[in-house]
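The following exercises introduce the structure shown below. Each task is followed by a solution in steps.

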2 protein chains.
Amino acid sequence: MLGKTPETTIKAAAGNTAHPFDRATQVAAVEGRWRGTASEDYFAFVGPFGGVTAATMLRVIMAQPECAGDPLTVTVNLCAPVARGTFDLAVRPMKATRSTRHWMVELSQDGEVAAFMTAVFAVRRPSWSHQPATMPSAPLFDSIEPLPDSGVTPWVKQYQFRFVEGTPSYGNAPRETLGSAYSRMWLSDAPSRRIDALSLLSMCDTFFARIFHVRGEIVPIGTVTMTTMFHADAADLAEERTTMVLGAADARRFHKGFSDQTGELWSPGGRLLATTSQTVYFKA
Amino acid sequence: MLGKTPETTIKAAAGNTAHPFDRATQVAAVEGRWRGTASEDYFAFVGPFGGVTAATMLRVIMAQPECAGDPLTVTVNLCAPVARGTFDLAVRPMKATRSTRHWMVELSQDGEVAAFMTAVFAVRRPSWSHQPATMPSAPLFDSIEPLPDSGVTPWVKQYQFRFVEGTPSYGNAPRETLGSAYSRMWLSDAPSRRIDALSLLSMCDTFFARIFHVRGEIVPIGTVTMTTMFHADAADLAEERTTMVLGAADARRFHKGFSDQTGELWSPGGRLLATTSQTVYFKA
């Protein structure tokens, strides 16, 4: 499945390579294997930010010559921290049907799996269209100050967070009255970058852990798995021509060391672009 | 990874084998391979009901000698209809960490993948516990008449559906005013069976397609992928001692042939047991 031709390598390198996100999610065919590099720019507590790891894995699928259609749904399992340096990406086509293609990607370092992804791509065709969900209200993007950089972890600097509800305010102990797990924010890359499937997937992991919002403090956490459904294909995203999304996130239960987290990403024009859910490990 | 010892086969065959659900999800080690059989009792339009296929794949993980902990999160991709007869199940441990184990299962017939699952198991330990979500209101289970069997498809007979909101009423054409995508129901196996992780996973796929509720008609649909998070481990479920759950489901966008579907399963005592999301193909 691995193309070693110059053509394939060029395809993998396409896009705005000047942007930190494109540099961070770059993949290349090296010595007959696909390879990526853990991004220092997007480093988190114990490894690169999971959103960027996921986007890198999605990019390697899109670099396959037989890749058709656009990402429809993606599940990434983050098994272990990705260490600094390079990693290998093994891509396997699982099944092709008339309208969908199923893929699997394994990310490994020193022969040990650190993450894996399953993805469905689809060639989407016009159909009956209906959006029962309504976009949450928000003042204009420019009317809200971006969150100042907390200096806690590098990846946060790569985004502008403009909170509408649930602005983070963390102390050194759990707050007396628990806060809401719900928050809502405008989000964009910093510097800004036109939204595509790769950045949308990464943005699905930018919601701060719900437990931080509820307890008002930072505790050890980690995303175990994240599933994202794309409600827009490449043509839809091109029509939106946007660099920002409105993101809303919530959680329903924290129990025995794990919680859920759900999220929605909306275009400024009111279209639901992606919905996401993840399972988060926490220590509290 | 395949145990051929009598011990393993017995473990795979454990549980109440008299119940149709346990018969339908049975797995056995035959000639050095794990094998299941597409259940006629749970047949749907073009293959066995996806919930039962998923439960069978989860059962084969639980039958592995090195399986530890309880299911935490499961994603199943249904790539192609499973045909009548037997299927092979290949199980692969992807990664073990201190507290979690990642698995993959492939279901194939005649060497072609029809479905695959990734799953995370965890040994769950006491922690801070908090449930921001509240159980939707519902009259008592017994006070609602079960949905009469429509005769549309066999698997529906295997459950009792007692609708609180959004009782199905389908015609032969889309209704003039679109209905709500939201519905809520009591659900139990028929005959009743104590809820465990296997039946909970299957129940996550019992919500009728949201497009049926919205348009008031049955159109061709298929689950492409379903992700479920378990908020209760085996000890929690044993404590609940229940045969019924309150299920609520919704959808946010129907667009270019696919929609999302989200669901929650609640214990009668008000505990959130599982949350689920799926991507559904539709023709309309």
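**Exercise 1. Locate P191(B) and describe the peptide bond before it.**

Step 1. P191(B) is found in the loop between β8 (183-189) and α4 (197-203) of chain B; helices (H or I, at least four residues) and strands (E, at least two) are DSSP runs, numbered from the N terminus.

Step 2. The bond that leads from A190(B) to P191(B) is cis, with omega near 0°.

Step 3. In chain A, the peptide bond from A190(A) to P191(A) is likewise cis, with omega near 0°, and P191(A) is found in the loop between β8 (183-189) and α4 (197-203) of that chain.

Step 4. For context, most peptide bonds are trans.

A note on conventions belongs here. This is a predicted model in which local features need pLDDT of at least 70 and side-chain atom pairs count only at pLDDT 80 or more, while totals for chains, interfaces and linings use all residues. Residues are numbered from 1 along each chain as its sequence is written, chains are lettered from A and ligands numbered from 1 in the order in which they are written, and side-chain values use heavy atoms, with hydrogens and water left out.

**Exercise 2. Describe the backbone and the accessibility of D110(A) and D110(B).**

Step 1. D110(A) is not a glycine, yet has a positive phi of about 50°. D110(B) also has a positive phi of about 50°.

Step 2. D110(A) is found in the loop between β5 (100-109) and β6 of chain A, and D110(B) in the loop between β5 (100-109) and β6 of chain B.

Step 3. With a relative accessible area of 83%, D110(A) is exposed; D110(B) is exposed at 83% as well. The classes are buried under 20% relative accessible area, exposed over 50%, and partly exposed in between (1.4 Å probe, protein chains only).

**Exercise 3. Determine which rotation and shift superpose chain A on chain B.**

Step 1. A rotation of 180° with 0.0 Å of shift along its axis brings chain A onto chain B, with an RMSD of 0.0 Å. The superposition is by least squares on the C-alpha atoms of residues with pLDDT of at least 70 in both copies.

Step 2. That is the relation of a two-fold axis.

Step 3. The same surface serves both copies, since 100% of the contact residues of chain A recur in chain B; contact means heavy atoms within 4.5 Å.

**Exercise 4. Characterise the interface of chain A and chain B.**

Step 1. Chain A gives 63 residues to the contact, and chain B gives 63 residues.

Step 2. The two chains bury about 5,500 Å² between them, 58% of it on carbon and sulfur atoms. Buried area is the accessible area (1.4 Å probe) that two parts lose on being put together, summed over both.

Step 3. Between chain A and chain B there are 10 salt bridges, a salt bridge being a side-chain nitrogen of Lys or Arg within 4 Å of a carboxyl oxygen of Asp or Glu.

Step 4. Strand β6 (residues 112-122) of chain A supplies the largest share of the side of chain A that touches chain B, namely 6 residues.

**Exercise 5. Examine salt bridges that cross between the chains.**

Step 1. K95(A) and E112(B) meet in a salt bridge of 2.7 Å, N to O. The pair runs from strand β4 (residues 86-96) of chain A to strand β6 (residues 112-122) of chain B.

Step 2. K95(A) is buried at 14% relative accessibility, whereas E112(B) is partly exposed at 46%.

Step 3. R252(B) and E264(A) form a salt bridge of 3.1 Å, N to O. R252(B) lies in the loop between β10 (244-250) and β11 (254-255) of chain B and E264(A) in strand β12 (residues 258-266) of chain A, so the pair joins two chains. Both R252(B) and E264(A) are buried.

**Exercise 6. Explain what the salt bridge of R59(A) and D22(A) ties together.**

Step 1. The closest N and O atoms of R59(A) and D22(A) are 2.8 Å apart.

Step 2. R59(A) lies in helix α3 (residues 50-62) of chain A and D22(A) in helix α2 (residues 20-24), so the pair ties together parts that are 37 residues apart in sequence.

Step 3. R59(A) is buried at 8% relative accessible area, and D22(A) is buried at 2%.
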